[in-house]
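Reader: I'm new to this structure and would like a close look at a single part of it. Could you pick a spot, walk me through it, and then show me what else is worth finding?

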Amino acid sequence: MKKYLVTAVLLLVTMSSVAQNMTPSTPSGRLEPSGTRIPASDNQIQYLGRVSFKNPEAPVFTFPSVQIRANFTGTSLRMIAKPKSGYFMAQIDKSEAFKVAFNSERDSIVTLATALPEGNHQVKLMYVTEGYERRAEFHGFLLDKGHQLLPPPELSDRRIEFIGNSITCGYGVESVQCDSHFMDETCNHYLSYAVQTARNLDAEEISVCRSGIGVYRNYDGPRSGDKINMNTEYTHTLLYDDSEQWDFSRYQPQVVCINLGTNDTSTKGADPKLLKKGYVDLLSQVRKANANAKIVFLCGPMMSGDSLTLVKKTLNEVVQEANKNGDEQVYRFDFQPQNGDLGYGADWHPSYWQHEQMAGELTPYLRKLMGWY
């Protein structure tokens, strides 16, 4: 029964992605919005995650997990974004979350809700696409004429940061074909173990993740490592953009979970010394940015054989040495390796059910570690 329920939810998510606003066009072909337009710069809009506000009217973001929240009045809500920004999950009040697409040159205004009861409502949006081929821009909301935003919802005082690769991104989680490949349509961070774990713990979550990235060597990279890896990207507001450094004071997690190493070791040639150095360097960066956070190194479920042995050995050494040198707030956690019993997503990545199991493994560990009962 549970399997069929999840399938139905995924089907609903896919069907919901085609819902969009039918506002008439002007003679020039430009959409003419009606109602009360709320700019992205409105101070009642709440942002969570790595967002660039160089242009406050069009905030830019590339990492999945960026969230936009607001409380509003009225009976309908439309969202405005740059065409081809990618996919979002949207939740109105306490209803089931659904997927929204800005996936073509014409997608700029999408209807999120209609025929709501009169009164106050809440919207939560999460960017669920990997932004390395997209630079998403949010341009604001459209409310019913004469209506307005209200003060934003309160944030939880529990905060987690995930640093990871395709597994954390939710690569292929909406696919059930292991021989299918990367598509934005089947990648959904909202369904990942990271978001499910945070939801289980009633915690806020942001992720810094990119498919194929490693701690020193990306997928199938040279033994000597790649010049661009998580160590170079962790300090950036936007992926592959060193023009803006992230202001870590904007989000101080109490726990940081690092799930890397799969790509470093997934093909032959990883250098054990450089792998360890990559972990040590990243730990140094994370600790400098988050002085009081607990830091947990995770071992992901896709590794096996020699790669699994190497990553576990290396992580054990890194954590033991950090503890010995005085940082006792560094920890280790291993996911159970996937074996196919729960199916696979695209390119043999974890399926939705595997992500659900991973969240089921990580949740009690973090609950005990953090005292989040």
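**A helix and its surroundings**

Author: Let's start where a helix ends: α8 is followed by G371, whose phi is positive, near 70°. Keep in mind that this is a predicted model. Helix α8 itself covers residues 352-370, which makes 19 residues. From its first C-alpha to its last it reaches 26 Å, close to the 27 Å expected at 1.5 Å a residue.

Which residues of α8 are buried? At the start of the helix you'll find Y352, W353, Q354 and H355. Further along come M358, A359, E361, L362 and T363. The list ends with L366, L369 and M370.

Now look at Y365, another residue in the span of α8 (352-370). Y365 belongs to an aromatic cluster that also takes in F162, Y193, F333 and F335. F162 is a handy stepping stone, as strand β12 runs over residues 159-164.

From β12, hop across to strand β16, since the two pair in the parallel sense over five bridges. To see one of these contacts, find E161, whose bridge partner in β16 is V256. On to the next strand: β16 is joined to β17 (residues 294-299) by four bridges, and these two also run parallel. V256 turns up again here, with I295 as its bridge partner in β17.

Is β16 buried or exposed? Five of the five residues in this strand, 255-259, are buried, so the rest of the structure largely encloses it. In a regular strand, side chains take turns between the two faces of the sheet. For β16, V255, C257 and N259 sit on one side, V256 and I258 on the other, and all of them are buried, so both faces are covered.

Stay with β17 for a moment and find F297. F297 forms an aromatic pair with Y279, edge-to-face, at 5.7 Å centre to centre and 90° between the planes. The pair links distant parts of the chain: Y279 lies in helix α6 (residues 272-289) and F297 in strand β17, 18 residues apart. Y279 is buried, with a relative accessible area of 0%, and F297 also counts as buried at 0%.

A search of the whole structure turns up 16 aromatic pairs. One of them is Y47 with F53, again edge-to-face, with 5.0 Å centre to centre and 80° between the planes. F53 counts as partly exposed, at 31% relative accessibility.

There's some open space to visit too. The second largest pocket holds about 370 Å³. Of the 17 residues lining this pocket, Y219, N263, S266, M302 and H349 are the closest to its centre. Two elements, α2 (166-169) and α5 (262-265), each give two or more residues to the lining. The largest share, three residues, comes from α5. By type, the lining divides into five nonpolar, ten polar and two charged residues.

For a last stop, try strand β9 (residues 120-127). Seven bridges join β9 to strand β4 (residues 67-73), and the two run antiparallel. In that pairing, F72 stands opposite H121 of β9. Strand β6 (residues 86-92) also pairs with β9 in the antiparallel sense, over five bridges. Here the residue to find is F88, which stands opposite Y127 in β9.

Note on methods. Residues numbered from 1 in each chain as written. Heavy atoms only, no water. Buried < 20%, exposed > 50% of the residue type's maximum accessible area, 1.4 Å probe, protein only. Pairing = 2+ DSSP bridges. Expected span 1.5 Å × (residues − 1). 1 Å grid on protein atoms, 1.4 Å probe; cavity = no way out; pocket = protein on both sides within 12 Å on 5 of 7 lines; lining within 4 Å. Points joined across faces, edges and corners; volume = space filled by probe spheres on them. Nonpolar A, V, L, I, M, F, W, Y, C, P; charged D, E, K, R; others polar. Phe/Tyr/Trp six-rings, centres within 6.5 Å; stacked < 30°, edge-to-face > 60°.
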